[in-house]
Amino acid sequence: MFGVSELVLALLAWYFLGPPILLYFRYKIQAQPTVENCDPSELPEEVRETFDKRFAELSTLQFRHFGTLTMPQAVKNLKALFAVYENEQLNVIAVTTAMFLQVNGQWRLKHQFVEIGTRFSDGATIDTTNVNAVLMYPSPQGCVRTQHPELQNIADLFRAHMSMVKYHGNGRSPISDLKTKHNNDVLEYYSENVHEELSRAEVSGYLKFKKLQSEDSGPVEQRHSDNPYRTPAPELIDQGSVFVPTFVGAFKMVWQSLWPIKPILTRIRFARDRKRLAETGYQWP
């Protein structure tokens with residue numbers, strides 16, 4: 001018979017060890033995520049209201065809407081809806097995102113947030129977001145990424161981003177991959193950017209690439225000449241190349257989202273990012 005102390009220890013062991021082990025064996029994400037156009041009129045009401053508000057805010061800031069998109073099958077229990085914008089004069093990208101998580105067969109809205117990003121020709125990026133959650137992967141080398149959940153007004157978030165760009169840009173001129181590299185093909189642009197983020201997570205030791213053996217080993221453009229951004233049949237998703245967690249990565253990703261680690265970590269990160277933003281001279285509204 002188990003005593004109370006043994007039962008408590010067993011429950012704690014499962015709480016801290018069970019989820020990362022399950023993630024290690026079950027989690028996978030398309031290596032080249034499928035991206036589809038999404039009709040804004042078909043968005044869930046609470047998402048449509050927020051996206052409409054963000055559209056108005058970003059339009060006022062001279063951002064052009066390039067498309068409302070979805071990644072319906074990149075991860076089996078996670079769906080993302082997002083709208084992509086660009087300020088073409090400043091070469092700044094903005095993405096409004098809604099994340100849905102499937103729980104007990106029901107799709108539930110998990111997060112809605114905005115991320116604003118600037119890229120330079122040397123590959124360095126500056127990203128500013130108001131997401132109120134721990135980011136799954138660490139910031140890659142050469143990326144200045146800060147979170148400011150207190151800045152829900154997009155004009156304030158944009159001003160914060162430009163303050164970070166001025167402070168950390170070191171006089172470099174921003175570039176627009178959407179225009180120059182992807183010829184304004186927003187499906188290709190977004191899928192390639194997610195692939196780059198996953199590849200950086202692989203370099204950091206969080207993920208590893210699991211290649212489909214039958215895939216051609218030639219250049220990416222040859223392997224995916226039949227348009228990788230078109231949704232495959234559901235039964236074919238598991239037959240493509242994917243990224244999966246490393247054993248250490250699975251524990252890091254899960255533990256940072258568990259209580260009491262999550263509230264401690266978010267408090268530390270938000271305070272750190274607020275200090276980094278204050279160093280640029282930014283004045284809070």
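This is a guided tour of a predicted model, moving from one helix to the core, the small sheet beside the helix, and then a run of paired strands.

**Helix 5**

Begin by selecting residues 186-203, which form helix 5. At 1.5 Å a residue, its 18 residues should span 26 Å, and the C-alpha atoms at its ends are indeed 26 Å apart, so the expected and the computed spans agree. At the start of the helix, select Asp 185, where a side-chain oxygen comes to within 3.2 Å of the backbone nitrogen of Leu 187. Then colour the buried residues of helix 5, which include Val 186, Leu 187, Tyr 190, Val 194, Leu 198 and Ala 201, together with polar or charged ones such as Glu 192, Asn 193 and Glu 196. Just after the helix, stop at Gly 205, which takes a positive phi of about 95°.

**The largest nonpolar core**

Next, select Leu 69, Met 71, Phe 82, Val 84, Tyr 137, Tyr 190 and Leu 207, the residues with the most contacts inside the largest nonpolar core, which has 31 residues in total. Strand 3 (64-75), strand 4 (78-87), strand 5 (92-103) and helix 5 each supply at least two residues of this core, and the largest share, seven residues, comes from helix 5. In soluble globular proteins, nonpolar side chains tend to be buried together.

Stay with Leu 207 and show what surrounds it: leaving aside neighbours within four places in sequence, Leu 207 is in contact with residues including Tyr 27, Tyr 137, Leu 198, Ala 201, Phe 243 and Met 253. Apart from this core lies another, of 29 residues, and Leu 61, Ala 94, Ile 126 and Leu 277 are among them.

**The three-stranded sheet**

Now select strands 1, 11 and 10, which in that order make an open sheet of three strands with antiparallel pairing. Strand 1 (29-30) and strand 10 (207-210) stand at the edges with a single partner strand each, so one side of each has no neighbour in the sheet. Strand 10 pairs with strand 11 (residues 242-245) over four bridges, and Lys 210 can be found opposite Val 242. Bring helix 5 back into view, since the helix packs on this sheet, touching strand 1, strand 10 and strand 11, with its direction at about 115° to that of strand 10.

**Thr 68 in strand 3**

Move to Thr 68, which lies in strand 3. Is this residue, Thr 68, buried or exposed? Its relative accessible area is 7%, and because that falls under the 20% cut-off, Thr 68 counts as buried. A polar contact of 3.0 Å joins its side chain to that of His 65. Not counting residues up to four places away in sequence, Thr 68 also touches residues that include Glu 36, Cys 38, Leu 43, Phe 51 and Phe 82.

**Strands 4, 5 and 6**

Finish on strand 5, which is mostly covered, with nine of its twelve residues buried. On one pairing, ten bridges join strand 5 to strand 4 in the antiparallel sense, and here Leu 81 has Ala 98 as its bridge partner. The hairpin of strand 4 and strand 5 has four residues between the strands, and Asn 91 takes a positive phi near 55° there.

Strand 5 also runs antiparallel to strand 6 (residues 106-120), to which twelve bridges join it, and Phe 100 stands opposite Leu 109. Two residues lie between the strands of that hairpin, where Asn 104 takes a positive phi near 50°.

How values were computed. Residues numbered from 1 in each chain as written. Predicted model: local features only at pLDDT ≥ 70, side-chain atom pairs only at ≥ 80, totals over all residues. Heavy atoms only, no water. Expected span 1.5 Å × (residues − 1). Buried < 20%, exposed > 50% of the residue type's maximum accessible area, 1.4 Å probe, protein only. Polar contact = N/O pair within 3.5 Å; in protein donor to acceptor, adjacent residues only side chain to side chain. Core = buried A, V, L, I, M, F, W, Y, C linked by side-chain atoms within 4.5 Å. Contact = heavy atoms within 4.5 Å. Pairing = 2+ DSSP bridges. Axes fitted to C-alpha atoms, helices over the stretch in contact; angles between N-to-C directions.
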